[in-house]
Amino acid sequence: MPDVLLSFINLIPVTIAQSLIVAFVVLGIMIPFRLLGFPDLTSEGAYPLGGCVTGVLIASGYDPVFAMAVAACAGFLAGSTTAFIHLRFGINTLLAGILVMTMLYSINLRIMGRTNIALFTFDSLFKDLNPANFNDPWFKIAVVGTLIAVILAALYYLLVTERGTTIRAVGASPDMAEAQGVSIWSATILGVGSASLFTALGGGIMVQSQGFADVNMGFGILINGLAALIIGEAITGRKTVLRQLLAPVAGALAYYQLVSLCLSLGLAPADLKLATGLFVLIMLALPALRRGGGVPQLKEKIRE
Amino acid sequence: MLEVKGAARTFYPGTSDERRALAGIDLTLTEGDFCVVIGSNGAGKSSLLNAIAGKLKLDHGSILIDGENVTRLPVHRRARFISRVFQDPMLGTAPTMTVAENMLLADLRGKTPRLVPGLTAERQALYRDRLAILNLGLEDRLDAPVGLLSGGQRQSLSLIMAVSNEPRLLLLDEHTAALDPKTAATVMDATIRAIAEFGLTVLMVTHNMSQALECGNRLIMMDSGHFQLQVATPEKDTLTVPDLIERFHVKSDRMLLQA
């Protein structure tokens with residue numbers, strides 16, 4: 001077997017572990033984008049926010065679970081701030097996300113007091129559960145996999161309840177939802193807030209897995225997450241709530257294996273973002289190209 | 001049950017585009033009233049409906065439903081009393097959600113949604129029965145996304161959704177205007193049956209003068225934010241389309257075309 005393939009195969013478990021953690025971020029991108037019709041960029045700031053908060057608290061001697069809980073709350077606050085800016089001032093959702101993401105960069109630096117913290121010598125979720133073998137990728141896969149399975153099951157239950165149906169209605173048709181007595185404010189704040197909660201949680205788990213927190217860890221996470229989501233939706237489809245919920249996990253798993261394969265085949269890491277960007281562009285452009293010819297109507301309408 | 005007192009709203013005040021959409025309107029509907037509003041474009045019909053639904057804020061005046069002052073309540077808080085069918089079939093339903101989910105949303109209108117499963121077997125059976133009344137086969141398509149339905153089917157669904165749970169006040173905003181004549185007649189027929197069956201209080205805007213004369217017990221004609229004419233049965237029953245055109249100087253070509 002050629003060496004390149006061997007190195008790819010050897011990396012499979014590590015890559016799975018990594019992609020399950022990023023699946024939280026992809027979930028955090030999917031919820032506003034697909035369920036609420038609220039294209040949101042907050043994750044680029046919420047992911048390092050979760051990492052920084054978790055890193056600082058763990059390095060200060062707090063319990064990893066407590067640290068992650070605080071990080072999740074901070075994430076919720078970040079997401080609901082984006083939602084509030086859009087709702088209260090009528091600022092475009094993407095712009096609101098960019099504002100929050102940019103401001104979070106300073107906040108993250110303030111939280112950590114420096115650009116990165118090494119966490120190798122401190123406690124972590126993985127060390128707590130399995131002190132002897134905490135760095136084993138299969139063990140990480142089991143822990144993170146269980147966590148995301150529980151979260152997806154809970155989300156699925158919530159989304160098909162009476163309350164969850166009204167929240168999805170806001171994404172499907174805001175006018176209709178409002179006329180049926182659904183508060184667009186509370187659904188949007190709750191939904192976008194929870195999405196950033198999951199993103200921050202992903203950041204919190206990631207820093208414990210990689211052993212350090214860095215303010216720049218969010219750079220490019222959004223486009224990676226979007227690429228993963230698009231692949232995931234191609235695998236699972238979007239017809240039902242369940243399929244839509246499974247797409248982030250399926251997509252993250254497939255996307256990171258693909259990246260790993262490309263890298264082992266000789267793609268320069270420096271070109272990775274360009275390659276990812278082109279991939280997302282092609283996937284998004286495909287429907288327009290298939291229709292052939294003319295300039296298409298803007299399909300993903302952005303809520304004013 | 002509905003009292004509109006001195007409702008006034010001016011768009012773009014102080015500019016050359018200033019337009020009085022509502023010029024201090026008083027309207028009282030009693031239980032069971034079916035009131036039809038006609039008037040040319042820009043007469044203030046939609047503004048009146050939007051003001052009652054909460055979509056349009058008033059400069060002056062107040063709106064009371066069942067004696068409760070709702071003037072300051074947002075749209076979603078008024079949904080407890082009011083249901084509405086829009087002119088655009090796309091607005092009244094959620095296209096990516098299924099027929100059953102749309103019915104559930106209407107079912108939950110004005111209630112506090114709980115954290116319990118929404119589409120129970122009993123509810124699905126109930127929705128199947130409610131949809132069967134339409135005779136459009138929608139009862140067999142509960143799990144189909146509403147976006148796959150035709151405009152007429154969607155509007156019929158909107159109507160069933162609007163009358164389910166017997167709202168205190170039903171607002172119909174030219175709800176057959178975007179449909180082809182045959183479908184429009186079917187939807188209008190279903191509307192009249194539903195209103196009669198549940199004894200609903202209705203405010204309906206239309207451009208169609210013969211429709212305005214055929215249904216309802218009250219007729220209001222609006223012009224530049226005023227009520228130009230108000231009649232009720234039995235006087236309303238004696239009116240004819242030529243009467244309306246002659247006596248009240250109808251200016252709108254669209255109304256003449258549809259007469």
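Of the 259 residues in chain B, 41% are buried. That's a handy way into this two-chain model, which is predicted, so read what follows as a description of a computed structure. Let's stay with chain B for a while, then cross the interface and walk through chain A.

Chain B mixes its secondary structure, with ten helices and ten strands. Put a box around its C-alpha atoms along the principal axes and you get roughly 55 × 40 × 35 Å. For the overall packing, try the radius of gyration: a compact globule of 259 residues would come out near 18 Å, and chain B has 19 Å, which agrees. The contacts tell you about the wiring along the sequence. Take those with a separation of 6 or more in chain B, and 69% of them turn out to be between residues 24 or more positions apart.

Now for some backbone oddities in chain B. Most residues other than glycine have a negative phi, and most peptide bonds are trans. With that in mind, have a look at B:Tyr12, which is not a glycine and yet has a positive phi of about 45 degrees. You'll find B:Tyr12 in the loop between β1 (2-11) and β2 (19-29) of chain B. Is B:Tyr12 buried or exposed? Count the other C-beta atoms within 10 Å and you get 9; a residue with 12 or fewer is classed as exposed, so B:Tyr12 is exposed.

B:Glu166 tells a similar story. Its phi is positive too, about 40 degrees, although B:Glu166 is not a glycine. This residue lies in the loop between α5 (151-163) and β7 (169-173) of chain B. B:Glu166 has 12 other C-beta atoms within 10 Å, and because the exposed class takes in 12 or fewer, it counts as exposed.

The other oddity is a peptide bond. B:Thr233 and B:Pro234 are joined by a cis peptide bond, with omega at about 5 degrees. Where does B:Pro234 sit? Its place is in the loop between β10 (226-232) and α8 (235-238) of chain B.

Time to cross over. How many residues of chain B are in contact with chain A? There are 25 of them, and they meet 18 residues of chain A. On the chain B side, α2 (75-78) and α3 (99-107) each supply at least two residues. The biggest contributor is α3(B), which gives four residues to the side of chain B that touches chain A. Sort that side by class and you get 14 nonpolar, six polar and five charged residues.

On to chain A, which has twelve helices and two strands. Reading along the sequence, the pattern goes α-α-α-α-β-α-α-α-α-α-β-α-α-α. The radius of gyration of chain A is 19 Å, close to the 19 Å that the globule rule gives for 304 residues, so chain A is as compact as a globular protein of that length. Its C-alpha atoms fill a box of roughly 55 × 45 × 35 Å along the principal axes. Of the 304 residues, 48% count as buried. As for contacts in chain A between residues at least 6 apart in sequence, 77% join residues at least 24 apart.

Zoom in on the start of chain A. Two packed helices are described by the angle between their axes and the distance between the axes. For α1(A) and helix α2 (residues 43-59) of chain A, the angle is about 145 degrees and the axes are 11 Å apart. The crossing of α1(A) past α2(A) is right-handed. Which residues make the contact? From α1(A) come A:Val25, A:Gly28 and A:Ile29, and from α2(A) come A:Ser43, A:Ala46 and A:Tyr47. By class, the contact of α1(A) with α2(A) has four nonpolar residues, two polar and no charged.

Helix α1 (residues 3-35) of chain A is also the place of A:Arg34. A:Arg34 has 20 other C-beta atoms within 10 Å, and since the buried class begins at 20, this arginine counts as buried. From A:Arg34 to A:Ala74 you move 40 residues along the chain, and their C-alpha atoms are separated by 23 Å.

Last stop: helix α3 (residues 64-89) of chain A. At 1.5 Å a residue, its 26 residues should span 38 Å, and the end C-alpha atoms are 37 Å apart, which agrees. After α3(A) comes A:Gly90, whose phi is positive, near 65 degrees.

Key. Residues numbered from 1 in each chain as written. Chains lettered and ligands numbered in written order. Predicted model: local features only at pLDDT ≥ 70, side-chain atom pairs only at ≥ 80, totals over all residues. Contact = placed C-beta atoms within 7 Å. Nonpolar A, V, L, I, M, F, W, Y, C, P; charged D, E, K, R; others polar. Axes fitted to C-alpha atoms, helices over the stretch in contact; angles between N-to-C directions. Left-handed = near helix turned anticlockwise from the far one by under 90°. Expected span 1.5 Å × (residues − 1). Rg over C-alpha atoms; globule rule 2.2 N^0.38 Å.
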